[in-house]
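Me: I'm new to this one and would like a close look at a single part. Could you walk me through a sheet, strand by strand?

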Amino acid sequence: MALALVCAATLYPVLWVVKLALSPSESLSLSANPFPQEVTFRHFAAVLGASDSAGRWLFGRNLLASLTVSAATTIIGLALAVTAAYALSRFRFPGREAGLQTLLISQMFPATLMLIPIYAILQRLHLLNSLGGLALVYSTTSLPFCVWMLKGYFDTIPRDLEEAAVMDGAAPWQAFVLIVLPLAKPALAVTALFSFMTAWNEFILAATLLNDASLFTLPVALQRLVGEYRVEWGKFAAGAILVSVPVMGLFFALQKHLVGGLTAGGVKG
Amino acid sequence: MAEVSLKGIRKTFEGNPVIKGVDLEVGKGEFLVMVGPSGCGKTTLLRLIAGLERVDEGTVSIGGRVVNDVQPRDRDVAMVFQSYALYPHMTVRENLAFGLRLRKLPEAEIEARVKDAAALLELTQLLDRRPKALSGGQRQRVAMGRAIVRRPQVFLFDEPLSNLDTALRVQMRGELSRLHRRLGSTMVYVTHDQVEAMTLATRVAVFNGGVLQQAGPPLELYHRPANRFVATFLGSPAMNLLPARRDGKKLAGKGFAVEVASGLPGGAGPDVLVGFRPQELEVASSGFIKGEVEAVERLGFDGYAFLETEAGKLCARFGKGVEVAVGETVSVEAARDAVHVFTADGTALRHPANLG
Ligand SMILES: Nc1ncnc2c1ncn2[C@@H]1O[C@H](COP(=O)(O)OP(=O)(O)OP(=O)(O)O)[C@@H](O)[C@H]1O
Ligand SMILES: [Mg+2]
């Protein structure tokens, strides 16, 4: 019963957005009924079909920008996080504790606080208004979470396994690549998903750092639909749904890796 | 096949000395079993031989080569971990082949070796399973198989049978013995199980507190323990030790006196410890010592009575048909020439002469 209530509470706003996207009118109707009276795909067609003044396909460019940034963020972030987390999990070195704590503390500040320093740094690096710069910023901001997440998981993988691999003739890096990484798949999937979603959904940094409409990521492009004088709610809702679809797809694709228990049976309990 | 030689090994963890100067030679093809109380450094010593830890002092040699600075993978040593440490994401076949693939053996050779080992350990049916679908005994055999396929110079085993039930343990013990005879490799084996130590070992090494107490053939250690620690550690129930004073051939303690046939070496002070294996003491109608029965263990054919005597606690055997009741006072007789004598600080002075 409680579950049904929670489901209803979470689904209600979603249904509302769906209704908005499918209803022919552009205005916000304030009726409590979350189901559309009339169904049209006009808004979807409008969002998907829009072109800029030079006649380029806008949605396609925005989608490409979002995908590029998100994929780059995931790859850069994961590569850095995996190696850092492994070192933090397996080796004792001066500054280890301090490093872990700094990562944690950095999570306590809202990202907007970093906006100005980040802007200044990117300006120096001539990376303003570039997707590469944005990906770099995203990967660094999602790094602390990823490192903690992966370190926590590496800690649960028995060291015996790597030692057995070393006795079997593996170099330390081979023990890492051939034994630890495959076992860490669930954590890698979660971390990848997290990085991807952070980048995919982020708005403020993207809106600040990008000013070329052809480079806009989807959330920024979406926000531009909310015009200065007239808000095109129908298009906005349709766009929002289109933006969430890839993330949902990714989630389902990774779902089977998200289940834990891969290490079961390796060592006696 | 290679010999392992440890010279003056010391190892300290975070300021705690764990191995305090160990000298030990393991001959070619020998089956050396290391025993000792928990925390005495057995696992650490294995890891030092394996190269998973570095010695602070001393030298480790394998096959005449000093390997202090040699990586584990270049020592040609295989280790069977106490936890088995099977790779969970690989099938049994892949587990067995892992080390050989890393060493870039030809694929045909790998297949042949895996097949051989699987047949030897009766794993052939299980080759395509993952470790989590195996029973404890099967995992244990896979762990062993992973070592065997490599055909290393030296095998290291860390309590490999400790998690198995009794029946499986007896079976695996037999298989290990067979394996040793077949491969003829040098093996170093850690266990808490006395029976494993006595039955598998060509030589037993007893450790306490990071110090080697004595090493030798199992019966040698049992019959001629070098000190009080070895005497009480090996054998079950433990050897009885009673304080006494010596006077020539006579040893007298509170409420008892025994005489030894052959003389005692001179030198040490008059205070000694007299030792008897419980198996050499018998509850009887008359004897050299009396005590009140505190507990009785009946094992079927015979049993052990635990007594409180004037000189201290004593454990003695009783045979079939003898009735022993708790609270009763009984006499205990010793077999002929059963007396071990130790100095007050525990060094052996004498052992019974008529031992096999
Ligand atoms: N990496 C380490 N860091 C700190 N102390 C350690 C480390 N490894 C072992 N020790 C300590 O060294 C001592 C010996 O440990 P070891 O594992 O060799 O004992 P053991 O004889 O194998 O015991 P058991 O029979 O319980 O397995 C213990 O007191 C242990 O706490
Ligand atoms: Mg141990």
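Reply: Here is a tour of one sheet in chain B, with a short stop elsewhere at the end.

Some ground rules to begin with: this is a predicted model, where local features need pLDDT of at least 70 and side-chain atom pairs count only at pLDDT 80 or more, while totals for chains, interfaces and linings use all residues. Residues are numbered from 1 along each chain as its sequence is written, chains are lettered from A and ligands numbered from 1 in the order in which they are written, and side-chain values use heavy atoms, with hydrogens and water left out.

Now the sheet. In chain B, six strands form an open sheet with antiparallel pairing, in the order S13-S12-S11-S14-S20-S21. (Strands are DSSP runs of E, at least two residues, and helices are runs of H or I, at least four residues, both numbered from the N terminus; two strands pair if DSSP finds at least two bridges between them.) S13 (256-259) and S21 (348-350) of chain B are at the edges with a single partner strand each, so one side of each has no neighbour in the sheet. From one strand to the next, the twist averages 40° (axes are lines fitted to C-alpha atoms, for helices over the stretch in contact, and angles run from 0 to 180 degrees between N-to-C directions).

Let's zoom in on one edge. S20 of chain B (residues 340-343) pairs with S21(B) in the antiparallel sense over two bridges. Opposite B:Ala348 in S21(B) you'll find B:Phe342.

As for the stop elsewhere, helix H3 of chain B (residues 107-120) holds B:Ala112. The C-alpha atoms of B:Ala112 and B:Gln194 are 36 Å apart, with their positions 82 residues apart along the chain.
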